Amino acid sequence: MRFMVNTAISSCRRVWINARPATIDPAVAAPYGELAEHAIGVCDGKIAAIVPIGELPENLGAAEVIDARGAWITPGLVDCHTHLVYGGNRSREIEQRRSGVSYEEIARQGGGILSTVHATRAMSESQLLDASLPRLTALADEGVTTVEIKSGYGLTTADELKMLRVARRMAEYMPINVSTTLLAAHALPPEFQGRADDYISLVCDEIIPAATAEGLADAVDVFCERIAFSPAQCERVFEAAQRHGLPVKGHVEQLSNLGGARLAARFAALSVDHLEYLSAADVQALARSGTAAVLLPGAFYFLGETQKPPVAELRAAGVPMAVSTDLNPGTSPLASLRLMLNMACTLFGLTPEEALVGATRAAAQALGMADRIGTLTVGRQADFLVWDIGHPSELVCEFGVPRLRQRVFRGS
Ligand code: DI6
Ligand code: FE
């Protein structure tokens with residue numbers, strides 16, 4: 001199937017020759033989906049052909065030919081869980097935490113997420129865009145070609161829509177796919193103190209419909225946790241999302257097990273994220289619903305957690321494991337997906353191949369975009385990376401050295 005359009009390579013707009021593709025395509029049996037020397041042809045922003053170098057026609061027609069000189073090419077990286085649009089920062093919280101106050105206690109005292117809510121509400125769309133673009137640039141410079149961005153620091157209809165509009169607009173400033181997620185059920189806004197069910201009604205009856213009407217949300221997320229919302233409240237949000245035709249995902253079992261993963265599985269969630277306290281039985285529920293597990297080692301690391309997600313069980317059950325930054329000011333102020341690949345191995349025990357799959361194919365699944373991105377496969381969007389490396393494991397092992405030679409987005 002991969003070679004179905006071999007003959008068309010001469011009509012491609014651009015052809016990378018002498019490439020060593022790590023396709024991450026499960027149809028290619030070798031580790032990393034490796035192919036020996038191949039050419040990758042691009043047409044209309046899509047991968048049009050992947051052909052062995054020996055089968056390349058003499059004449060490549062009008063195609064622009066780029067010699068990869070034997071370099072590894074991987075799919076573009078996919079960061080499937082970020083909160084990178086926000087105002088202010090929370091670096092002072094690290095001082096509180098060092099003096100023994102926990103993340104949960106800071107949140108209960110009205111700091112944490114709510115302090116970012118105050119800063120975000122105070123900003124205009126363009127101020128928020130200016131504040132957030134450097135974070136997106138950092139991800140893109142490392143090879144991220146698709147990013148998911150959540151709302152959740154506005155917590156009013158106007159401020160949640162403002163965040164989502166900023167997230168959408170970012171794709172006009174940078175060559176990157178942006179997938180947006182409405183996370184209005186992130187924290188209880190101060191004006192709803194003691195009235196969590198009323199706030200959930202606002203989310204269901206006003207914020208989700210408004211975001212849908214403007215086409216601003218690709219999915220709906222919740223924070224199911226003691227310091228956020230109960231499973232019953234999250235269920236109401238999922239039902240509202242379903243009524244509006246939006247897929248769901250959930251921040252679940254991060255600090256405790258409330259059964260959020262099981263609930264999300266009932267709604268055929270695209271992903272459940274964090275999962276440090278996920279139980280073995282719930283792993284089976286995810287396997288049955290086809291939900292991806294998103295691992296966020298940056299938050300685990302930054303909060304100094306000790307309880308690890310059940311990676312061996314997820315692996316055994318065949319649940320796709322994605323790896324993402326969770327880029328946010330409170331629990332993971334770390335704008336590097338490469339660092340997360342390293343941490344997924346060192347802290348959570350993923351193999352380098354699992355980590356790379358986690359930031360490409362599995363992350364695409366977590367966004368419901370697996371038919372468009374995440375692997376080097378004919379017909380997929382031509383988002384790929386040319387690396388100065390000797391082997392893909394270096395992308396996971398080494399950190400901080402810029403090895404990206406070329407970042408290709410939609411064929412350009
Ligand atoms: N879990 C997290 O790790 C982030 N949100 C969530 O639900 C933290 C967000 C923050 O602290 O600002
Ligand atoms: Fe998060």
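**View 1. The contact between H274 and ligand 1 in the predicted model.** In this predicted model, an N or O atom in the side chain of H274 lies 3.4 Å from an oxygen atom of ligand 1. The protein covers 100% of the 320 Å² of accessible area that ligand 1 has on its own.

**View 2. Y153 and H186 beside ligand 1.** The side chain of Y153 places a polar atom 2.6 Å from an oxygen atom of ligand 1, whereas for H186 the partner is a nitrogen atom of the ligand, which is 2.8 Å from an N or O atom of the histidine side chain.

**View 3. The shell of residues around ligand 1.** Ligand 1 is surrounded by 14 residues, of which R90, Y103, Y153, H186 and T331 come nearest. Sorted by class, this shell consists of four nonpolar, eight polar and two charged residues. The space that ligand 1 takes up is the largest cavity.

**View 4. The two domains of the protein chain.** Domain 1 is made up of two segments, 6-75 and 376-408, while domain 2 spans 77-366. The C-alpha centres of domain 1 and domain 2 are 32 Å apart, and across the boundary 22 residues of domain 1 are in contact with 24 residues of domain 2.

Conventions
Residues numbered from 1 in each chain as written. Chains lettered and ligands numbered in written order. Predicted model: local features only at pLDDT ≥ 70, side-chain atom pairs only at ≥ 80, totals over all residues. Heavy atoms only, no water. Near = heavy atom within 4 Å. Polar contact = N/O pair within 3.5 Å; in protein donor to acceptor, adjacent residues only side chain to side chain. Areas by Shrake-Rupley, 256 points an atom, 1.4 Å probe, with all protein chains shown as cover. 1 Å grid on protein atoms, 1.4 Å probe; cavity = no way out; pocket = protein on both sides within 12 Å on 5 of 7 lines; lining within 4 Å. Sits in = over half its atoms within 2 Å of the grid points. Nonpolar A, V, L, I, M, F, W, Y, C, P; charged D, E, K, R; others polar. Domains from an automatic or database assignment. Contact = heavy atoms within 4.5 Å.
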